[in-house]
Each structure stands twice: as structure tokens, then as C-alpha cells.
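Let's take a walk through this fold together, one piece at a time. Keep the 3D view open beside you as you read.

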Amino acid sequence: MYFFARLYALTAVYYYASLVLASGKHPSVPARYQRLPSLRERAAIQDKWTQERIFRIPKLLEKYNAEAWLICQREHAEDTIWWSIKNATDFDSHRRTILLFHNNQSSLAGAPNPLKWIDNTGLVWPELRNTLAEFKPSRIVLNTDEDIAFAGGLHVGELAVLRRELGDFWIEKTVNEPMLAVEFVASKVSGQLPYYRRMQENVWAMLEQGFSHHVIQPGKTTTEDLSWWFREQMQILNVTTWNQPRISVLVEESFPGWAGTDDVIQEGDILHIDFGITAMGLNTDTQHMAYVLKTNGTEPETDAPESLKQGMKKSNRMQDIVLENMVPGLSGNTVLRRSLAQMKSEDIEGQIFSHPIGDWGHDAGAVIGFLNLPEYVPIFGELPILPDTYYSIELYAYHFVPERNATIRFRQEENVVWSADSQSWQFIRGRQERFHLVDSRKTSTMFLDQS
């Protein structure tokens, strides 16, 4: 408890003395921890966002030539879409929960949208049949897609019940229209952005603190120690995560993947982190790099070697290329193909695997490459880039580091939002253009000690 009390007291001031301000897209001032609203306030804010998003559904139904969207689920077997339409204080569906979204036309004009039933007796079925008979929809969307989880969340048991209870007449009017769910989940509302910026600021504050002498003691702190420090810091900030922070020491051609590494951090190490936080129904995803300065020898280091800086500039250039090609309406594969061609023309080698982010860490929408599908992604890559969403620009550039006689993957990831004013993608807070530096010559009683 003493450690965390000191940690919380020092977070607001430590970084001003320890960081050098940078220019360009790298934020010009150090990050400051941002207090998010109380849980009670968050719930009210989130519910307002949800209602604003649900209000768009009739127009989405019209766009995709449907009159209704039927969602059927049971407690502990929720449809994937449930997590984007539920109230903030709902943690699962109750009994059997059925939602019928409609296009606000015909006999249902003015009726609640969605119509909602919670039932464990079977009485819902005659009521639903009567409602459909009055409404007379000709195309009813069911979430039965085989490939896209956001549009394929109807459990097989519920589908069997629907077929039995609704009968052939209504089942023959059901359709699979995956873009309805994809666009609903992917599209954000303007009120979310200010809070998403606060979350990104907290991510950067954690990075600037965690990748410093305040937390790391070379020769003692391990990457696994540091990973758990990030988890504990999230608890202090009253946020959670959608993946375990993965921290690695980067060496030649290394790509530790989902597990990270468990190495003792030494001077001269290149460090990498991949992590995100979750709050207010939103998720972030960030990858940054740090360098542990060599403090011994005839020429102690005060900055990262120039070769490492050049490697980061190369991955920064890749970010520019992807964002220049990410025109809303184009497919993810088109953006990928154009970006790879531009990289080749500029003699840059690397890989792109960018994805939407928001309600989920890997959100609905077009992906731009996968690690195992570097040039073309079936189905997900053919979806269109949507503007009212957030993206994680995730990639790496290969760069040869002469001092190590090794080729290193310079791995970066930052979140962006579409700006209607500038008709371009903008970084939510900024992007990393210089290494976080760990300098053991500076003293701190706050480093992570797991002994």
C-alpha cells in the first residue's frame, strides 16, 4: 500500500522534470493523468451515447433495405451485438431477451424502438408473432453471418427456437445483412471523443512513467514485473484492460507475439509494449518503444543511438503512408495494396496490420492487413473504411541497426479519428516520434521492486 500511495502522489509531477519536450506530431508537453467521471456518472454518460447510437438504427435499416432487426438471446449466451446496445448497468441479458428494432414506419411508427421482451415462460412468442403480423416487415435481419462476429451472434439454439416459434412464413423473410451490425458498432458519436482523448492521455502518462527510472531499475526489474506494474496502475486509475500488457526486449528479428517476454531489463535494451485500457465502453490499443541508456563506459549515453532514431522515423513514415491512403469508402485491401506499393517505392520494408477500435479492442469494420495475411485479407479486408470510427494504426518497419549487426522490427501503434473538417485522420493525442528513455543515473525510490 505504501508503494501505491507514493506512486499516486508523485504521478502528477514527476514527468515535468524528467522529459525533454519534442516537436512534430509527438505531443509537445508530457502527459498528465486525467480523472474520469465516477462510475455512476459514467453510466449516465454511456447510456446517453447508446441512445444516440440506437436512434440511428432506423436509417441504417433503410440504408440496408430492411424493415426490422430481430435479436434473440439468453442469459450467459448473449448476442455479440448486445454489448453495444445494452444499458451501462446491464452485465448480461435476463432470461430470454428479445429486441425488435424497426424502421419507425407503418403500424409501429411511434412505438418504442426497440420493442423489448424479457421472458422465461414462452408467452413472448405469440406476442412477437402478433407484432410481426401487424407490422408486416418484408425483410427482417438476423445476426447469422458465418464470418463476422458482430453480425453472427445469434446462437444456434436460439435460431432453432425462432424457426419453430415463428414458422416458415416469417423465417423466409429473414436475411443476413452483416454491414448493418458492422456499421452500428463501428460508428461513434461526437460526445465520446473528449473522453477517449482523456483515456489516451492516461495511456501516455502510464507509458512515460512506466518507461522511466521511476519504475525500472536495470539489472533488477523484469519485463514481467513491468507488465504487472501497468496492470496495478490501471487499478489506481479505475480502468481495466482487454489484454494483458505485453512487454518485450527487442532483439534481431524478434516478434514475441501475444506472450511478451520475461527478461531482466538491462542497459542498452530496446523495450516494447503492446497494451490497451478499457473504460466507459471504450478501448484503446497502443504500442511504444523505450531505450535503456548505457550509463557506464567512456561515453555514457544521453539519448538513444541515431540508428534507433532512424528506425523509428521509418515506422513513422509508414504511419503517414497508411493514413494518406485510408480514404473512407475504400476497402481495407485497397488501402493495404496502395500502402504496400508506396512503401516499396520508398524502399521501406515492413508490415501493416491496422484495425478499427472502440467498443472492442478489435472493433467492427475493415482491417488493413493481418500478421498472417500481409497482402490480402478475405472478407474483413473487403469491408469499407468507415469515417465515424476510430482506428489503430498498427505496423512495424524493418531497420538494420549497425551497432548490433541486427535487423530490428520497429513496432508502433497509435489510435486515430477521422476529422470531417480537415477530411483526414488525426491522432487522438499524437504519436511516438522519440524513444522513452530510462536513465539509471537519476534516482527514485519508486522503482518496481518485486524482491
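**A sheet, its helices and two cores**

This is a predicted model, and a good place to begin is the open sheet, where five strands line up in the order β3-β2-β1-β4-β5 with mixed pairing. Each of β3 (115–119) and β5 (174–175) has a single partner strand, so these two stand at the edges with one side left without a neighbour in the sheet. As a reminder, strands of a sheet pair through backbone hydrogen bonds, either parallel or antiparallel. For β3, the pairing with strand β2 (residues 96–102) is antiparallel and runs over five bridges. If you would like a landmark there, find R96, whose bridge partner in β3 is D119.

Now look at what lies against the sheet. Helix α7 (residues 156–171) packs on it, touching β1 (68–74), β2, β4 (140–141) and β5. The direction of α7 makes about 145 degrees with that of β1.

Helix α7 also has a helical companion. Helix α6 (residues 124–135) packs with α7 at an angle of about 25 degrees, and their axes are 11 Å apart. Angles under 35 degrees count as roughly parallel, and α6 and α7 are therefore roughly parallel to each other. Their crossing is right-handed. To see the contact in side-chain terms, pick out W125, L128, R129, L132 and A133 in α6, which meet V161, L162, E165, L166 and W170 in α7.

What about the interior? In soluble globular proteins, nonpolar side chains tend to be buried together. The largest nonpolar core here has 49 residues, and the members that touch the most others are W69, I85, F184, M326, I368 and Y391. Helix α8 (residues 178–186) gives the most to this core, contributing seven residues. Try centring your view on F184: leaving aside residues up to four places away in sequence, F184 touches R53, I54, I57, L60, W69, I81, S84 and I85. Apart from this core lies another, of 41 residues, with M199, A205, F275 and V292 among them.

Finally, turn to strand β6 (residues 246–250), in which five of five residues are buried. How are the two faces of β6 covered? On one side R246, S248 and L250 are buried, and on the other I247 and V249 are buried too. Strand β6 pairs with strand β7 (residues 270–275) in the antiparallel sense, over five bridges. Within this pair, S248 stands opposite H272 in β7.

Terms used: Residues are numbered from 1 along each chain as its sequence is written. This is a predicted model: local features need pLDDT of at least 70, side-chain atom pairs count only at pLDDT 80 or more; totals for chains, interfaces and linings use all residues. Side-chain values use heavy atoms; hydrogens and water are left out. Two strands pair if DSSP finds at least two bridges between them. Helices (H or I, at least four residues) and strands (E, at least two) are DSSP runs, numbered from the N terminus. Contact means heavy atoms within 4.5 Å. Axes are lines fitted to C-alpha atoms, for helices over the stretch in contact, and angles run from 0 to 180 degrees between N-to-C directions. A nonpolar core is a set of buried Ala, Val, Leu, Ile, Met, Phe, Trp, Tyr and Cys residues joined through side-chain atoms within 4.5 Å. Buried means under 20% relative accessible area, exposed over 50%, partly exposed in between (1.4 Å probe, protein chains only). Angles under 35 degrees count as roughly parallel, over 145 as roughly antiparallel, 65 to 115 as roughly perpendicular and the rest as oblique. A crossing is left-handed if the near helix is turned anticlockwise from the far one by less than a right angle, and right-handed if clockwise.
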